[in-house]
Amino acid sequence: MPRAAAGPGRRRERWRPRLDRPALVALLFGIAGVGYRLVLVLTTVPVSNSDEATFGLAALHIADGREQPIFLYGQRYMGTLESYLAAPLLAVTGPSWPALRLPVLGLYALFLWLIHRLTRRIGSPWFATLIVGLLALGSERVVRDQVTTVGGRPEVKVAVLAMLLLVVALARHTVGRRGLAVGGFGLLAGVALWSDWLIVPYLTMAGLALLWTLRRELLGRAGLLLLVGFVIGLAPMIRDNLVAPPGQDSLSVLRGISGEDGPVPSWPQRLGGGLLDGVPLAAGLCPVTGCARWQAWFGLLYPVLLVVAATLAGFAYRRARGRPERVGPVVHLALLGGAALTLLAYVRSPLAATDPLGNARYLSVLQLSLPAVLWPLWVAAVAARRGTVGVAGRVAGAASTAVLGALAASALVVTVLFATSGTTAGRAEERHARQLADTVRAAGLHEVYAEYWTCNRLVFNTAEQVVCGVLDDDLRPGQNRYPAYWWRLERAQRPGYVLAADAPADRRLRELLGDRSGAALLTEIGGFRVYHPPEPLRPWR
């Protein structure tokens, strides 16, 4: 029925938003975070590379119906879900870095929404707003994991949050179809495991939380639905591993890449790299070039916060009565356990000490645990503000407030520095990469050799009008992720070369060409030299 008009003696009803004030502020933070990243996506910042281009090429092949890759070309352990998400867009736009990244940006927006919902359920409304505000900020290291299509991490974080929300709903009986919810939990776990094995610690803890919630229910229909959902989600990996050659199944490949040659750094060295560099970088407190010693404070504090938060969750669990009340502390413990296991797995690797800057990306999943890690600080700060604690409590509250403020201020400063001055070099590099692609295409070259970080990026930028074979510094076959390109190069009558000027591969080629190097050089652009030898040159044969 139409609504009656407000008469002179009748007060007009005021419109009130459905969202409460904390949720509205969180929404504004989320819009700012997504908008900031959208601007970066549209300008191809951070800079693209050949790993991302490989996902883009897979998306193009999916869109054309040529391939249905289960894993990223050249490996058998990282799923191609991001390529499938980007394929419809690339089918319309063709090769486009913004179109390739837009689905990943959508996953980031979904991540913010889910972590806000979960934090409100296991924490408090304004604390959830704080978490969204912190996650809306983003240094180059953080943003690169959130908007570039490099596989795994964006979608698995979304999956874990959705799984934990299902645990909360099942424990509090706020979900109608429990069997469907349990099956969805299994499906998300399977898809996450297919996408990126890095999430195994969090999947383990989420599984334990579900086991605590359902207990005997899993012995019946719920357990069957959980298994069915998991198998469906993991079906692509299962299918590939069934037909994989001996030693090429996912477990064997992972064991192979996990083995390290040479001397193993000491535990203090690995802990130093993991805590003093890895954790602050993953939290967005340092520029991508590394952390100064004064910026490493959060890395030192992080394990202390894990212990304090776990203790606080344990006390909360003991005080609560029944599963509906206890599920909050249980989820806290699951998030803390996931963070601890992830950090332990990271510092066990020698790369934590030998290359902490290049490998801090493996700690990006620690963002999932931010609500649990910072919860003790929030509790202490709120209690001190309300005046419900003694002198010691007020001191702890003041210190906690200072830590939260320092965390937000540090992340904000690094974000502003990156947004205002840290994107210039990347934009210039991206412009040079496109100019290089246009130059190679205009020269009439359709088959070229190059090093790894040039090859697939060049192929994507030319829409596969130019294909590329990877060579190492000695001009021998390198890491060719898509064998079809290499086979085409092998049949090419007169392939070209695109090499970084004065790099080892460039010097080796000029040595082999001798007096013919000048005639073979077509042009030099953006720090690269483009060669087209008069006769095919393949020194590895």
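Me: In this predicted model, is the crossing of helix 17 and helix 18 left-handed or right-handed?
Reply: Let's start with where they are: helix 17 covers residues 370–386 and helix 18 covers residues 391–421. Their axes sit 7 Å apart where they pack. As helix 17 passes helix 18, the crossing is left-handed.

Me: And which word describes how helix 17 and helix 18 lie to each other?
Reply: The angle between them is about 125°. Roughly perpendicular runs from 65 to 115 degrees, and roughly antiparallel needs over 145. Helix 17 and helix 18 are therefore oblique.

Me: How many charged residues are in the contact of helix 17 with helix 18?
Reply: On the helix 17 side you'll find residues including Leu374, Trp378 and Ala381, and they meet helix 18 residues, among them Gly393, Arg394 and Leu407. By class, that contact has 10 nonpolar and 4 polar residues, and the number of charged ones is 1.

Me: What kind of aromatic pair do Phe298 and Tyr302 form?
Reply: Both belong to helix 13, 4 residues apart, or about one turn of the helix. Their ring centres are 5.7 Å apart, with 75° between the planes. Planes over 60 degrees apart count that way, so the Phe298 and Tyr302 pair is edge-to-face.

Me: Is Tyr302 buried or exposed?
Reply: Buried means under 20% relative accessible area. Tyr302 has 3% relative accessibility, so Tyr302 is buried.

Me: How far apart in sequence are the parts that the pair of Trp486 and Trp540 ties together?
Reply: This pair is tilted, with 5.3 Å centre to centre. Trp486 lies in helix 21, while Trp540 is in the segment after strand 5, so the parts tied together are separated in sequence by 54 residues.

Technical notes
Residues numbered from 1 in each chain as written. Predicted model: local features only at pLDDT ≥ 70, side-chain atom pairs only at ≥ 80, totals over all residues. Heavy atoms only, no water. Axes fitted to C-alpha atoms, helices over the stretch in contact; angles between N-to-C directions. Helix = DSSP H or I, 4+ residues; strand = E, 2+ residues; numbered from the N terminus. Parallel < 35°, antiparallel > 145°, perpendicular 65-115°, else oblique. Left-handed = near helix turned anticlockwise from the far one by under 90°. Contact = heavy atoms within 4.5 Å. Nonpolar A, V, L, I, M, F, W, Y, C, P; charged D, E, K, R; others polar. Phe/Tyr/Trp six-rings, centres within 6.5 Å; stacked < 30°, edge-to-face > 60°. Buried < 20%, exposed > 50% of the residue type's maximum accessible area, 1.4 Å probe, protein only.
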